Amino acid sequence: LLPGGRIWEGGRSVMTYGQKKRLKKRLLRILTVNIPLILLFVVIVFPVYWTVVTSLKDESTILDIPIKYLPSPVTFSNYKYIWENMGFDHYFFNSVLVTGVSTIASTVISVFGGYAISRYRFKGKGLSYGVLLVSQMFPGVVLMIPLFVIFKNLGIVNSPYSLMITYTTVRIPFCMIMISGFVSGVSPALEEAAQIDGCTIMQSVFRIVVPTIAPGIVAAGAFSFVSSWNEYVYAFTFLSSEKYFTLPIGLKLMQGEFTVAYGSLAAGCVMALVPVLILFAYIQKYLVSGLSSGAVKG
């Protein structure tokens with residue numbers, strides 16, 4: 001018997017049956033789990049890496065052959081160009097304004113709506129919940145023409161208000177359903193105890209329910225933020241003045257009829273991606289706990 005459990009037989013080292021079985025399991029795990037995960041990671045990360053690399057190259061060297069996988073030399077001229085010459089600062093500010101207002105509005109409204117659906121019994125509650133669910137099955141483009149007609153009659157076409165209203169109303173159903181699930185996981189006895197101690201219904205909601213379901217509220221807010229930040233169809237339909245354009249439309253303007261400014265486009269994509277990365281880096285712990293706690297009731 002050799003060190004490691006091997007057996008010396010016929011002048012050579014032989015693995016035992018248990019060692020062979022463990023080796024087969026290890027190889028099977030590498031082939032079915034490790035390698036696919038590595039390939040998936042490369043597929044997901046490489047486009048982001050290539051976008052960053054392209055944004056740091058000079059426009060004249062981006063299409064050079066052979067391909068350079070590292071920028072040489074590194075230049076930030078693309079970022080400077082889009083920020084100073086293409087009005088990217090206005091697009092960025094417009095996106096922050098529209099997305100921020102719609103995210104706050106949809107999240108606050110969804111908290112009250114989700115609480116009402118979870119806690120109260122009223123006539124038509126099942127129908128209301130069903131309508132919220134069915135509304136998520138229709139593509140957003142179905143609402144585009146009716147919304148355009150409504151906003152035209154209201155005189156708010158080609159203004160950020162049209163996007164704020166649209167993003168808020170479109171995100172509310174999903175966020176309301178999500179938050180109602182979190183509220184259902186909070187025992188009503190906690191609110192009753194707070195009300196016995198002198199709290200009003202609103203005070204019990206803000207002092208008991210809201211802090212308890214904070215991860216769920218963050219998850220709903222993150223969904224609303226990302227959906228609104230990346231939205232293109234409504235923005236392209238409702239806005240015609242360049243001073244109101246958001247980031248997705250600004251990125252589209254970098255693609256000409258015959259040429260594409262790849263360096264500027266890549267720099268714009270990176271700048272549009274940074275706020276989302278910062279947001280998720282900050283709220284990831286709340287987001288993960290919120291998604292997991294929402295799956296458990298009681």
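In this predicted model, Ser-204 is buried, its relative accessible area being 0%. The residue sits in helix α8, which covers residues 201-212. Setting aside neighbours within four places in sequence, the contacts of Ser-204 are with Glu-191, Ala-194, Gln-195, Cys-199 and Val-209. Because buried means under 20% relative accessible area, Ser-204 at 0% falls in that class. Leu-273 offers another case to look at: this residue of helix α12 (residues 262-293) has a relative accessibility of 33% and so counts as partly exposed. Leu-273 is separated from Val-48 by 225 residues in sequence, while their C-alpha atoms lie 9.5 Å apart in space.

Stepping back to the whole chain, the protein has two strands and twelve helices. Read from the N terminus, the order is β-β-α-α-α-α-α-α-α-α-α-α-α-α. Of the 298 residues in the chain, 34% are buried. Among contacts with a separation of 6 or more, 69% join residues that are 24 or more positions apart. The accessible surface of the chain comes to about 18,400 Å², and carbon and sulfur atoms contribute 70% of that area.

Helix packing is conveniently followed from α3. Two packed helices are described by the angle between their axes and the distance between the axes. For α3 (residues 88-119) and α9 (residues 214-229), the angle is about 145 degrees and the axes are 9 Å apart. The crossing of this pair is right-handed. On the α3 side, the contact is formed by Phe-92, Ser-95, Val-96, Thr-99, Ser-102, Thr-103, Ser-106, Thr-107 and Val-111. On the α9 side, the partners are Ile-217, Gly-221, Ser-224, Phe-225, Ser-228 and Trp-229. By class, the residues of this contact comprise nine polar, six nonpolar and no charged.

Helix α3 also packs with α6. Here the axes come within 6 Å and cross at roughly 35 degrees. This crossing, too, is right-handed. The residues of the α3 contact with α6 divide into 17 nonpolar, ten polar and two charged.

A helix can also be read by its faces, and α5 (residues 144-154) is a handy one to start with. Its buried residues are Met-144, Leu-147 and Phe-151. Viewed down the axis of α5, these buried residues fall within an arc of 70 degrees, so they line one face of the helix. The cover over the buried residues of α5 includes α6 (160-184) and α10 (233-238). On the face of α5 turned away from the buried side are the exposed residues Ile-145, Lys-152 and Asn-153. After α5 comes Gly-155, with a positive phi near 80 degrees.

Helix α2 (residues 77-85) can be described along similar lines. Asn-78, Tyr-79 and Ile-82 are the buried residues of this helix. Down the axis of α2, the buried residues fall within an arc of 100 degrees, so they line one face of the helix. Lys-80, Glu-84 and Asn-85 are exposed on the other side of α2. Gly-87 follows α2, and its phi is positive, near 70 degrees.

Definitions and conventions:
Residues are numbered from 1 along each chain as its sequence is written. This is a predicted model: local features need pLDDT of at least 70, side-chain atom pairs count only at pLDDT 80 or more; totals for chains, interfaces and linings use all residues. Side-chain values use heavy atoms; hydrogens and water are left out. Helices (H or I, at least four residues) and strands (E, at least two) are DSSP runs, numbered from the N terminus. Buried means under 20% relative accessible area, exposed over 50%, partly exposed in between (1.4 Å probe, protein chains only). Contact means heavy atoms within 4.5 Å. Accessible areas come from the Shrake-Rupley method with a 1.4 Å probe; for residues, only the protein chains shown count as cover. Axes are lines fitted to C-alpha atoms, for helices over the stretch in contact, and angles run from 0 to 180 degrees between N-to-C directions. A crossing is left-handed if the near helix is turned anticlockwise from the far one by less than a right angle, and right-handed if clockwise. Ala, Val, Leu, Ile, Met, Phe, Trp, Tyr, Cys and Pro count as nonpolar, Asp, Glu, Lys and Arg as charged, and the others, Gly among them, as polar. The arc is that of the directions from the helix axis to the C-beta atoms.
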